[in-house]
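Trainee: Please pick one spot in this model and take a close look at it with me. After that, lead me outward to the parts you find worth a stop.

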Amino acid sequence: MKRITLLGSTGSIGKNSLDVISRFPDQFKAQYLSANDNVDLLAEQAKRFKPRGVAIANENLEPQLREKLRGESIEILAGKDALCEIARRSDTDFVIGGMVGFSGLKPTIEALKAGKDVGLANKETLVVAGEIVTNLSKEFGGKLLPIDSEHSAIFQCLVGEKTERIGKIILTASGGPFRTLPKEKFSEITVERALNHPNWKMGKKITIDSATLMNKGLEVIEAKWLFGVAIEQIEVVVHPQSIVHSMVEFCDGSIKAQLGTPDMKIPIQYALTYPDRFEADYPRIDWKTLSRLDFETPDTDRFRCLALAFESIKAGGSYPCVLNAANEVAVELFLNGKISFVKIPELIEQALEEHTFSGELTIESLIEHDAETRQSVYEKVALAVSN
Ligand code: MN
């Protein structure tokens with residue numbers, strides 16, 4: 001029985017993870033659940049899955065959660081540290097990182113320091129602190145298992161292979177809702193249109209990242225750290241059908257790909273069952289109706305965020321952390337109607353240019369870079385509004 005801590009249980013990854021867990025009650029147990037502020041859904045999930053404990057990151061909501069779970073024998077924890085606590089406890093075996101953004105970093109680090117296996121959907125953690133996180137995995141022996149669909153694909157292609165035999169990693173991208181939209185129309189993009197992803201149903205932040213192609217940029221950095229390859233060995237290919245989830249080309253020119261319907265439950269389940277596979281009835285590809293698979297080169301002129309991500313990881317040090325922080329703020333401001341879609345890459349580029357570079361990274365210095373960048377982007381937008 002694998003006892004699971006689910007960080008971010010009320011989000012898209014969390015809900016899909018609980019679906020997977022519920023299919024295998026003899027193998028998986030939801031031991032701890034956590035949410036940021038969705039008390040209603042967290043309480044509902046707790047009543048259904050009967051975990052050992054639940055954690056709410058927003059501590060103001062603790063009384064509400066207690067009220068909703070009165071009479072249940074479920075431990076209630078609250079505050080940001082509570083997420084770290086449920087990630088490292090000795091009565092849990094596997095941590096699923098389904099939180100959004102930089103907030104997932106600390107609990108992931110705590111889980112790895114406690115030697116837990118981590119199924120990581122929270123790509124921002126690897127973008128910001130890839131070297132630290134992968135080193136912790138090696139040092140304490142907890143495995144890092146990708147839940148991001150592309151990285152799960154690459155991971156599956158690499159079963160039985162040696163890292164030094166990788167020629168290149170071919171990361172596929174759907175291209176998002178604006179794949180064919182001409183550049184001059186980008187200024188007309190609304191939040192509603194940006195949230196309408198053609199293939200995947202996901203949370204808001206990642207859906208906007210998919211529309212700007214920043215998601216693919218973050219995934220390039222994620223792949224570099226997860227698979228220990230040079231950035232020059234990673235190529236992005238636009239594949240609008242999202243059937244080929246990614247590929248690996250080996251030193252002899254042979255290519256392996258992993259395919260499947262676009263459903264996050266498949267990579268989540270693989271992370272939980274690896275190195276085995278469990279039988280499941282997720283939708284299958286119908287080869288009679290699948291008429292074609294297309295591949296195109298991404299346009300980094302229209303999708304500047306992808307180029308910025310490549311530049312950031314090449315420059316290294318604090319650049320990826322600043323890229324991520326500026327992007328998180330820019331996406332939030334776009335979703336709140338404060339800035340236009342085209343402003344997102346502009347703000348990120350400015351933040352990268354203006355920040356004070358540092359090559360030596362610790363968790364503390366990353367937290368500082370993150371906070372400084374957030375503040376500078378907020379200030380810049382506030383200033384532009386007041387002018
Ligand atoms: Mn992905």
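**A loop residue and its surroundings**

Mentor: Let's begin with Ser-242, which is found in the loop between β9 and β10 (244-250). Strands here are DSSP runs of E with at least two residues, helices are runs of H or I with at least four, and both are numbered from the N terminus. The model is a predicted one, in which local features need pLDDT of at least 70 and side-chain atom pairs count only at pLDDT 80 or more, while totals for chains, interfaces and linings use all residues. Residues are numbered from 1 along each chain as its sequence is written, and side-chain values use heavy atoms, with hydrogens and water left out.

Back to our loop. The phi of Ser-242 is near 50 degrees, a positive value in a residue other than glycine. With a relative accessibility of 6%, Ser-242 counts as buried, a word that stands for under 20% relative accessible area, against over 50% for exposed and partly exposed in between (1.4 Å probe, protein chains only).

Lys-50 also has a positive phi without being a glycine, near 45 degrees. Lys-50 sits in the loop between α2 (39-49) and β3, and its relative accessible area of 47% makes it partly exposed. Two glycines add to this list of positive phi values: Gly-115, just after α5, at about 75 degrees, and Gly-316, just after α12, at about 70 degrees. One more backbone feature is the cis peptide bond joining Tyr-274 and Pro-275, where omega is about 5 degrees. Pro-275 belongs to the loop between α11 (265-273) and α12.

From β9 we can step across to α12. Helix α12 (residues 304-315) has twelve residues and reaches 17 Å from its first C-alpha to its last, close to the 16 Å expected at 1.5 Å a residue; that expected span is 1.5 Å times one less than the number of residues. Its buried residues are Cys-305, Leu-306, Ala-307, Leu-308, Ala-309, Phe-310, Ser-312 and Ile-313. Among the elements covering them are β9 (234-238), the strand we started beside, as well as α10 (214-227) and α13 (319-335). Contact is taken as heavy atoms within 4.5 Å.

Cys-305 of this helix leads to the sulfur chemistry. The structure holds zero disulfides, a disulfide being a pair of cysteine sulfur atoms within 2.5 Å. The closest cysteine sulfur to that of Cys-305 belongs to Cys-321 and lies 16 Å away, too far for a bond. Both partners are out of reach of the probe for the most part: Cys-305 is buried at 1% relative accessibility, and Cys-321 is buried with a relative accessible area of 0%.

Next comes the metal site. A manganese ion is coordinated by Asp-148 (OD), Glu-150 (OE) and Glu-219 (OE), at 2.1 to 2.2 Å. Donors are N, O and S atoms within 2.8 Å of the metal (3.2 Å for Na, K and Ca), and water is not among the atoms, so sites may look incomplete. Along the chain the donors follow the spacing D-x1-E-x68-E. Asp-148 is buried at a relative accessible area of 7%, and Glu-150 is buried at 8%.

Finally, return to Lys-50 and the part around it. Gln-45 in helix α2 touches Lys-50, along with Ser-9, Thr-10, Lys-15, Leu-18 and Leu-33, not counting residues up to four places away in sequence. Gln-45 is buried at 7% relative accessibility. The C-alpha atoms of Gln-45 and Lys-15 are separated by 9.1 Å, though the two residues are 30 apart along the chain.

Ser-34, in strand β2 (residues 28-35), is buried at 1% relative accessibility. Leaving out residues up to four places away in sequence, the contacts of Ser-34 include Ser-9, Thr-10, Leu-42 and Ala-55. Ala-55 stands opposite Leu-77 in β4. Four bridges join β3 (residues 53-56) to β4 (residues 75-78), and these strands run parallel; pairing requires that DSSP finds at least two bridges. With helix α3 (residues 62-68), β3 and β4 make a right-handed β-α-β unit: with the strands pointing away from the viewer, the path from the first strand over the helix to the second runs clockwise.
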